[in-house]
Each structure stands twice: as C-alpha cells, then as structure tokens.
Amino acid sequence: MQPVAVGDILWRPSKEVIERSRLRRFMNQHHIADWAELHERSTANPDWFWDAAIDELGITFAEPYRQVADRSQGPHPTLWFPGGRLNIADSCLDNHRGTAAWAKLALAHESETGRLTGLTYQELAAEVARLCGALIKMGAGPGDRIGLFLPDGPPAAVSLLACAKIGAVAVPLSAGYGSDAIAMRLNDSGATFLICADGCLQRGSVLAMKEVVDRALTNCPQVKNVIMHRTLMREVPWKHGRDLVWEQLLEDQPESASTHMVNSESPLILIYPAGHDGPPRGAIHTHSGLPVKAALDLAHGFDVGADDHVMWVSEFGWATDPGLIYGALLLGATLVLFEGPANHPRPDRLWRMVADYEVTILGVTADVIGPVMRGGPELPANHDLSKLRVLVGSNGTWDLEAFHWLFEKVGGGRIPIINYRAARAGSGAVVCGNVLAPMRQSSFAGPGPGVAADVVDNNGNSVRGQLGELVIRQPWVGMPQGIWNDSDGYWGTFGSGTRELWVEGAQAYVDPNDGLWYTLDRPPSSITTR
C-alpha cells in the first residue's frame, strides 16, 4: 500500500526554471549530469560535498579548518570542520558589508495590528551590535545560555544574532509556552539571562509574556537578568535589579561590536523539539551546523537567492524560524516575518501580505492552509501573487484538497510546491523537493544532497516500492552534536543494533519507477535509542 494517492505529474520545470536554478548551476560547476548523480556523489564522498557547500554559501572562517570531518570517535559525533574558527554572525551580516545587500531590506515585519517595521542589512548589523554591547555590559559572554521568549519579529532575529556574535548560546522558547515549560527549559540549559517581550497579540487578545516569565523565574534562581522588549508598551510587573528595558539598554550602545570567534563545533543554539515525552531535551546545534544546512536547503531546495523575498508562516520558538533567519541572511535575501494568524484580523491577510511584500518564496503547512482555504478561492484571486515562484509545503504529507487548492488557487498551476520534511530536532531537510524534479502530490525529489537517507525494512535492508522506516545512514552537517546534559545524544540503533542509523519516526515509500519519495508519520515500532 502506498502512503499517499500519488496521482499524475502536476508540474515539470521549464527550461527557464532549470537554467536559473542555483542547484543546476552548482551541478554544472562540478560537472554533474543530474540530481541522482549529485546525491550519489554527495553521500559517497561527503567531505567533497560539504567542502563545496561551504564555498557555495560563502561561509567565512577566520581560521581555516584542517579537514572537513573527523570521524575518529565513530559515526557520532562526527566533528565537522575541525580546526576552523568562525562566527556565523559574520557570514549573516558582515559578509554583506560593502555589497549591494548592505543597503537593502534584510527583515520586513508586520504585526497582527498591521504595524510595519523593517531593517536593512546595515541597520540590522547596527542593532545587533547594540544588543551585543548591552549583553556584554550585563556580564554575558561566550558559552552563556540566553533564553529568548519573543514573538516573531526583528527583536527575535536581533537577539538570535547577538547571542551568536558574542559566543553565547541561544535558547528559543515558544510564545505559547506556559511558565512551567519555560522554567524546565531554562533550568535544563542553565540559562543565566533571558530576553523577552512584554507581550504579544493572539487574535486580538493579549498574551502577557512578561507575567509568564515572572512565574517561570520563581523556579529559576540562576537567571541574573531579564531584558524586556516593549512590544505592546504594556504596564507590567517589575523586579528592580533583575529586569531591564531593551530600548533603554541599547540607546547608548555603539553601532559596531567585535565578533567573538569560536571553534567550528562550538554550540550556537539549543533546540527543544515539541511533543517529546518526558522532560525536555535540548538538541545542540553549532555555528558550522544548522545555519549551513538551513542555507543549503533554501538555496538548493527552494532556489533562494539574494533577490528573493522569503516568507514562512512559522513561530520563532520552533526550529524552523531560527534556521530560516540564519539561512535567508546568509544568502542575502529579504526575510518577511509573519506574526499572528494567517487569517486574522482579515481572512485574506496571508495573500495580502504576499502581494504587498512581493513575496517570491512562501512556506506554509497544511495546518495553515486549512483555515485560510475555507475563506474561499476568491481571497487569493483578489491579490497580485504573480511574484511567487516557489511554494514550500512543510511537514510532509498533505491531504488531496489542501494540496490542490494551494497549487491551483494560489500558485495558478504554474509554480511548484516544494515538499519539505525536516529531520528531528531541527536538523534541516531529510527529504526535500527541488525545482529540477517533477512534482506529484506530496512528493519529494528524494533526500537532500549530502543526506544519506534510506527506506528500510525491519532488518535494516533498503526497500523500494513498499512502505518502510525512514532512516539516515551517516551523519550530515546540520544534525545535532548531542543533547544538552545527555552524553548519549540522538543517534539510535535499529533492530538488532548491528547497524547504526538515525531513525526519523516515520514511514516512507520510494516509487520504483520514477524515484520520487513520500512519507507518512508513524512512531517507529522496532527502534531503540542508546
């Protein structure tokens, strides 16, 4: 039985799409004939591929790495780019200094109330530097964990990059978390500083974020200071000596700051995946890991370049949004940050924003499309969506109605829906579409370049034309380097334990005729983790 009704080919790339594709240009540069050859070469010789990816993305190293990968400790942890020193904030910001990108919009943001804000790359770099100065003045420095409890918007991006620039470790927290969930993550990470908003709106109602923080911190005595951004300009409870105001802290700080260079495997961010049973577990991502994979997914999967305006309906506290911020800024694109529901305060809000901000790459999930679809096909039809050239459908399998509605009513049947399934713990695409591959409903071109994904039976043997477990056979850039406070990490054993595999917790199917992939969520039945 197939996991989805795959149906007919709905879209094929035109000659023009193929010729402008970043993925095709990369393949031409390395004399690779087609996507299948690229995937084979990238997984058979991962050191070649990831070295080429670093060059393709323009990642800056202050000191070059000695080798691409050190596997002397076994498959996990594989140490990527050992000997290298960098700071990913340099590649996101300072690399654009003196280029055409420096004066263009890096971030555009619209609040639920319609308030507009935006920062050019130059303005973003200045704001990041100011926050760096404030954090250093407070005593924050390399290795410190800093909680980020913020709605999607420029302060979230500024905070993420400032943490990186001073060598600290960001701990994003979902705006929907309650005080207990926040306290558990702050305590597990050992966070000593927290950046929060006074509140945010959810369908017109105030989410009192500062009060949630105050309740959480009654159980987090190690947190020294809270920096509060006055997002809603609310009156809030205040603890003198601990609580500080973002705007006041930053107003006298300089617009430039030195960047703290770190080893390539230094922690950058802790991602606490949603839905994990038991206590939260923070996946450790590094400066040379998650941002590299995120940028590569955007470039090779979604064909994002410096001229694109990228919008992804997500939330800052989950893995997608930080990866999107790093990746889009690395590529010099403009990132449109979306705060609040897609159909509030007006049912056509999503389509109006796509038109107003001339969005070229739009990422959504079936959960987002379901509610806006009920508003009727006239809502997207009433707006100029002609700038769109790629739709991204994340989270794997879509139902027939939602997928075709998005393809036909939003994309006009002219542009692809690039299906995207991220690996666990925010590790980038395990399987992904691209603009070179034909598209069926919910299909993937296959594993992302450099990701040795496979579909296996209960004995760990590859299968095609039947359902099996979705696994990855070897480490890749972007996977966690471990779990905070847990030396065993996420790498698991399959079946008898004779073969080490990363197990995704999903079923998958590979069409034996055209090679397209499909996935179906299901907890794995025969997996144990060490």
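## Strand 23 and its partner

Which residues of strand 23 point one way, and which the other way? In this predicted model, A453 and V455 point to one side of strand 23, which covers residues 453–456, while D454 and V456 point to the other, and all of them are buried. Strand 23 runs antiparallel to strand 24, made of residues 468–472, and 4 bridges join the two. Within this pairing, D454 has V471 of strand 24 as its bridge partner.

## The loop before strand 23

G448 belongs to the loop that lies between strand 22, residues 446–447, and strand 23. G448 counts as buried because its relative accessibility is 7%, and buried residues are those under 20%. When residues up to four places away in sequence are not counted, G448 touches H39, V430 and V431. G448 and K293 are 155 residues apart along the chain, yet their C-alpha atoms are separated by 9.8 Å.

## Two nonpolar cores

The largest nonpolar core holds 137 residues, and those that touch the most other members are W50, L124, L135, I146 and F302. Helix 6, residues 121–138, gives this core its largest share, which is 9 residues. A second core, separate from this one, has 33 residues, among them L350, M373, A402 and F403.

The contacts of W50 can be followed one by one in the structure. Leaving aside neighbours within four places in sequence, W50 is in contact with V68, W80, F81, K293 and L296, and also with P449, G450, W476 and V477.

## Helix 13 and strands 19 to 21

Helix 13 spans residues 349–356, and its buried residues include R349, L350, W351, M353 and V354. L350 is also one of the members of the second core. After helix 13 comes E358, which has a positive phi, near 50 degrees.

Strand 20, residues 417–422, is mostly covered, with 5 of its 6 residues buried. On one pairing, strand 20 is joined in the parallel sense to strand 19, residues 390–394, over 4 bridges, and here I417 of strand 20 stands opposite L391. On another pairing, strand 20 runs antiparallel to strand 21, residues 429–432, with 3 bridges between them, and Y420 stands opposite C432 of strand 21. Strand 20 and strand 21 form a hairpin with 6 residues between the strands, in which A425 takes a positive phi near 65 degrees.

## The second largest pocket

The second largest pocket encloses about 330 Å³ of space. Its lining is made of 21 residues, of which R115, T117, P154, P155 and H229 are the closest to the centre of the pocket. At least two lining residues are supplied by each of strand 5 (116–120), helix 7 (154–165) and helix 10 (246–250). Sorted by class, the lining of this pocket comprises 8 nonpolar, 6 polar and 7 charged residues.

## A buried glutamate in helix 9

Is E211, a residue of helix 9 (residues 209–217), buried or exposed? E211 has a relative accessible area of 19% and is therefore buried, since the cut-off for that word is under 20%. Apart from residues up to four places away in sequence, E211 touches D198, R234, V236 and P237.

Technical notes:
Residues numbered from 1 in each chain as written. Predicted model: local features only at pLDDT ≥ 70, side-chain atom pairs only at ≥ 80, totals over all residues. Heavy atoms only, no water. Core = buried A, V, L, I, M, F, W, Y, C linked by side-chain atoms within 4.5 Å. Buried < 20%, exposed > 50% of the residue type's maximum accessible area, 1.4 Å probe, protein only. Contact = heavy atoms within 4.5 Å. Pairing = 2+ DSSP bridges. 1 Å grid on protein atoms, 1.4 Å probe; cavity = no way out; pocket = protein on both sides within 12 Å on 5 of 7 lines; lining within 4 Å. Points joined across faces, edges and corners; volume = space filled by probe spheres on them. Nonpolar A, V, L, I, M, F, W, Y, C, P; charged D, E, K, R; others polar.
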